[in-house]
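Here are a few notes to go through with the model open beside you. Take them one at a time and find each residue as you read.

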Amino acid sequence: MADKSQELFEEHSDIGEVQIANEVVSSIAGISASEVEGVESMAGGITNEIADKLGMKNLSKGVKVSVDGGEVSVDIAINMKYGYSIPKTSAKVQEKVSQAINAMTGLDVETVNVRIAGVSLEPEQ
């Protein structure tokens with residue numbers, strides 16, 4: 001996986017350059033995935049859980065981005081809401097993440113791998 005501090009994409013023009021950091025693409029993926037119906041939350045490690053308790057928002061929680069030959073690969077971990085179809089929700093996450101990254105950055109998304117890290121225990125009322 002690419003280091004989040006490295007530039008993911010760089011474009012030069014007559015008036016300057018545009019650089020997109022991995023953290024930006026990770027944030028786009030995390031936000032778009034969390035908007036899909038059936039996704040309870042993004043899953044993350046202990047560092048992300050501590051940050052949440054301290055009130056810090058990590059928009060790229062549960063997201064890893066890598067670039068190979070100009071194509072983006074995304075690994076995303078989510079917690080599902082009880083009662084939703086895992087295959088259908090995962091497919092929607094893959095589609096929405098891919099479209100959001102492409103629309104906002106112009107980068108081609110090769111893969112979006114979704115890992116279901118958990119399911120909320122309380123059924124939706």
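1. Keep in mind that this is a predicted model. To start: in which strand does Val119 lie? Look at β6, which covers residues 108–119. Val119 has a relative accessibility of 41%, so it counts as partly exposed, since that class runs between 20% and 50%.

2. Val119 also has company on the surface. Together with Tyr82 and Ile86, Val119 makes a nonpolar patch of about 270 Å².

3. Now try helix α1, residues 22–34. With 13 residues at 1.5 Å each, the helix should span 18 Å, and its end C-alpha atoms are indeed 18 Å apart, so the two agree. Its buried residues include Val25, Ile28 and Ala29.

4. Those three turn up again when you click on Ile101. Setting aside neighbours within four places in sequence, Ile101 is in contact with Val25, Ile28 and Ala29, and also with Val74, Gly106, Leu107 and Val109.

5. Ile101 belongs to the largest nonpolar core, which has 22 residues. Val74, Ile76, Val93, Val97 and Ile101 touch the most other members. At least two residues each come from α1, β3, β4, α3, β5 and β6, and β5 gives the largest share, with 5. As background, nonpolar side chains in soluble globular proteins tend to be buried together.

6. Last, the charges. How many salt bridges does a search of the whole structure find? Just 1: Lys96 pairs with Glu35, their closest N and O atoms 3.1 Å apart. The pair links distant parts of the chain, with Lys96 in α3 and Glu35 in the loop between α1 and β3, 61 residues apart. Lys96 is partly exposed, at 31% relative accessible area.

Definitions and conventions:
Residues are numbered from 1 along each chain as its sequence is written. This is a predicted model: local features need pLDDT of at least 70, side-chain atom pairs count only at pLDDT 80 or more; totals for chains, interfaces and linings use all residues. Side-chain values use heavy atoms; hydrogens and water are left out. Helices (H or I, at least four residues) and strands (E, at least two) are DSSP runs, numbered from the N terminus. The expected span of a helix is 1.5 Å times one less than its number of residues. Buried means under 20% relative accessible area, exposed over 50%, partly exposed in between (1.4 Å probe, protein chains only). Patches are made of residues with over 30% relative accessible area and no salt bridge: like charges are joined within 9 Å, nonpolar side chains (Val, Leu, Ile, Met, Phe, Trp, Tyr) within 5 Å. Accessible areas come from the Shrake-Rupley method with a 1.4 Å probe; for residues, only the protein chains shown count as cover. A salt bridge is a side-chain nitrogen of Lys or Arg within 4 Å of a carboxyl oxygen of Asp or Glu. A nonpolar core is a set of buried Ala, Val, Leu, Ile, Met, Phe, Trp, Tyr and Cys residues joined through side-chain atoms within 4.5 Å. Contact means heavy atoms within 4.5 Å.
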